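Hi,

Here is the structure I promised to pass on. Have a look at it first, and then read on for what turned up.

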Number of protein chains: 2
Amino acid sequence: MTEPLFERLALIGIGLIGSSIALNARAHGLARHIAIATRRPETLKRAEELGLGDSYHLEAAEAVRDADLVILCIPVGSCGAVTKEIAAALKPGAIVSDVGSVKGAVVAQMQPHLPETVHFVPAHPIAGTEQSGPDAGFLELFRNRWCILTPSETTDVQAVERLRRFWEASGSNVEVMTTEHHDLVLAIVSHVPHLIAYNIVGTAADLETVTQSEVVKFSASGFRDFTRIAASDPTMWRDIFLTNRDAVLEMLARFSEDLASLQRAIRWGDGDALFDLFTRTRAIRRGIVEAGQDTARADFGRSAAGEGKTEAAPAIATVAPDR
Amino acid sequence: MTEPLFERLALIGIGLIGSSIALNARAHGLARHIAIATRRPETLKRAEELGLGDSYHLEAAEAVRDADLVILCIPVGSCGAVTKEIAAALKPGAIVSDVGSVKGAVVAQMQPHLPETVHFVPAHPIAGTEQSGPDAGFLELFRNRWCILTPSETTDVQAVERLRRFWEASGSNVEVMTTEHHDLVLAIVSHVPHLIAYNIVGTAADLETVTQSEVVKFSASGFRDFTRIAASDPTMWRDIFLTNRDAVLEMLARFSEDLASLQRAIRWGDGDALFDLFTRTRAIRRGIVEAGQDTARADFGRSAAGEGKTEAAPAIATVAPDR
């Protein structure tokens, strides 16, 4: 076995993401010692039963002592308080990271508490399922998924490279960008799509003219895919919209503007405007299929439908941290 | 073999839907003679090579002569002209039907040309793939899919029942409703979801701050499902929005109103409003899973991702008639 990448890895929070990181660190020999911290005794006990780490701590500050990599795997809203708690115990030269879906707000919360002697490299593994807790983790969660790192301009390049190697060893493709750019990208590829899905499902639920059972019955006509997205964790998504407010509002304004223009085209019977857009959007779909992010298979799940068999759900990658 | 339901079935148009109907009529012995008409000689030749019918006609009026069931399997926009063409050749007592995604506009186009001696029972099989042409048809297309019939109040009840038996024998679940109600239901479960998907894919394509390759790369975060919907046939969808204008505009206005209110909640940090909606939408998702319209499986297609394996696409049922 080669020398591990890190001597001591501290995971603060051991939900879906934390436990999946632990499994990867173990399987690929990425850390000599895995220290796990979580505030809830039952969760900590469960992590120990599962053998996810080498030491278990109710106090985050204890877990991070002597650690050379510390990853906060907790909700975005808790990152500031926890950073304050662990700051004094951090080893000089340690890398401190997180897994939040929003980066600007996390940096704003964590940065002020961090000593100058540590390397802060925020991260966002774009991976997740709707499951949570230490039992939910699995080794393949990050495989072929993107992990975005958002170091600042002054962050030590070697620290960024070490964290990149850690995520690559866990199966991720790593991309580096600024926090601002990350938040814009995620707003359009993830946050606004989720908001729209939540919104139309709500609109449908409120109709007086069409019953809810009709909506359910005929959902396969397109609506169904929106409900799948709109079943994501409410607490996590509330926090995402509140913490990535500016980027979401910016993208949402553009979306609404474009929609108003489509609405006008429909009202005035401007078929060419509709046709042009509908043709243009096909090219993006082709790009996604060509990039291997989806398949062009056209059986539409029919082979599995209506026979009680399972059907592969599309990948809606979300970060559902320790809750 | 039992007596067939119909002596002579005439299919006008032999694309995905028409050829799938032909295959079902043959396999389940629903008609003694299947007459196929299409305007394009190559398509007719191909239908004959595939052995889809018993007689083949370039003139629709020839195919419908003596038929006791006539189904127009052509784009919504062509139904008026074709009905005018076949009207004089229709046998008294024949059932005339169609397969269009919009019913109000189809009725308005067809009704004025139809003699009073025939029974007009509009139909909408909610089934389809993105494929088209006579080769695209398959026997299972309608299995466990809904087919909505929209007869008027004065339509002969027995004619409606015969058409219901025809669709049920092809594997469909049949529901009867008014044309107006059909168009409202489809507007919310299908047409507006498609419009929104087209719209956000367009918004993403126009961004200056996020590149198209980034959108493609990180699409698995939610956006991807929208692109799948937004890759549907542009001509067909243009026609749907133009012909179901009133219902689409009505639903779209509600959607935009609701979205504006969500936008306000984000701007003013009203987390409770967001949380309440996000919790409410989960109930609808549960209803869909319980109704057997989807599964709760949570592997998000990961087992297939990134390994060149295929992944089951979700069922987006659309009618893609003869084009």
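To start with something you can check by eye: is the crossing of helix 7 of chain A and helix 11 of chain B left-handed or right-handed? It is right-handed. Before going further, please keep in mind that this is a predicted model.

A bit more on that helix pair. Helix 7 of chain A covers residues 179-205 and helix 11 of chain B covers residues 245-267. Their axes come within 9 Å and cross at roughly 125°. An angle of 65 to 115 degrees would count as roughly perpendicular and one over 145 as roughly antiparallel, so helix 7 of chain A and helix 11 of chain B are oblique to each other.

Which residues meet there? From helix 7 of chain A you get Leu195(A), Asn199(A), Ile200(A), Gly202(A) and Thr203(A). Facing them in helix 11 of chain B are Arg254(B), Phe255(B), Asp258(B), Leu259(B) and Leu262(B). By type, the residues of this contact split into 5 nonpolar, 3 polar and 2 charged.

Now the whole interface. In total, 104 residues of chain A are in contact with 104 residues of chain B. On the chain A side, at least two residues each come from helix 7, helix 8 (212-217), helix 9 (223-229), helix 10 (234-243), helix 11 (245-267) and helix 12 (271-290). Helix 7 of chain A gives the largest share, with 19 residues. The side of chain A that touches chain B is made up of 55 nonpolar, 28 polar and 21 charged residues.

How do the two chains relate? A turn of 180° with a shift of 0.0 Å along the axis lays chain A on chain B with an RMSD of 0.1 Å. That is the relation of a two-fold axis. The copies also meet through the same surface, because 100% of the interface residues of chain A are interface residues in chain B too.

One last item, away from the helices. Chain A has an open sheet of 3 strands in the order 7-8-9, with mixed pairing. The edges are strand 7 (123-125) and strand 9 (173-176), each of which pairs on one side only. On average, neighbouring strands in this sheet are turned by 20° against each other, ignoring direction. Strand 8 (residues 146-149) of chain A pairs with strand 9 of chain A in the parallel sense, over 4 bridges. If you want a spot to zoom in on, Leu149(A) stands opposite Val176(A) in strand 9 of chain A.

Cheers

Definitions and conventions: Residues numbered from 1 in each chain as written. Chains lettered and ligands numbered in written order. Predicted model: local features only at pLDDT ≥ 70, side-chain atom pairs only at ≥ 80, totals over all residues. Axes fitted to C-alpha atoms, helices over the stretch in contact; angles between N-to-C directions. Parallel < 35°, antiparallel > 145°, perpendicular 65-115°, else oblique. Left-handed = near helix turned anticlockwise from the far one by under 90°. Contact = placed C-beta atoms within 7 Å. Nonpolar A, V, L, I, M, F, W, Y, C, P; charged D, E, K, R; others polar. Least-squares fit on C-alpha atoms with pLDDT ≥ 70 in both. Pairing = 2+ DSSP bridges.
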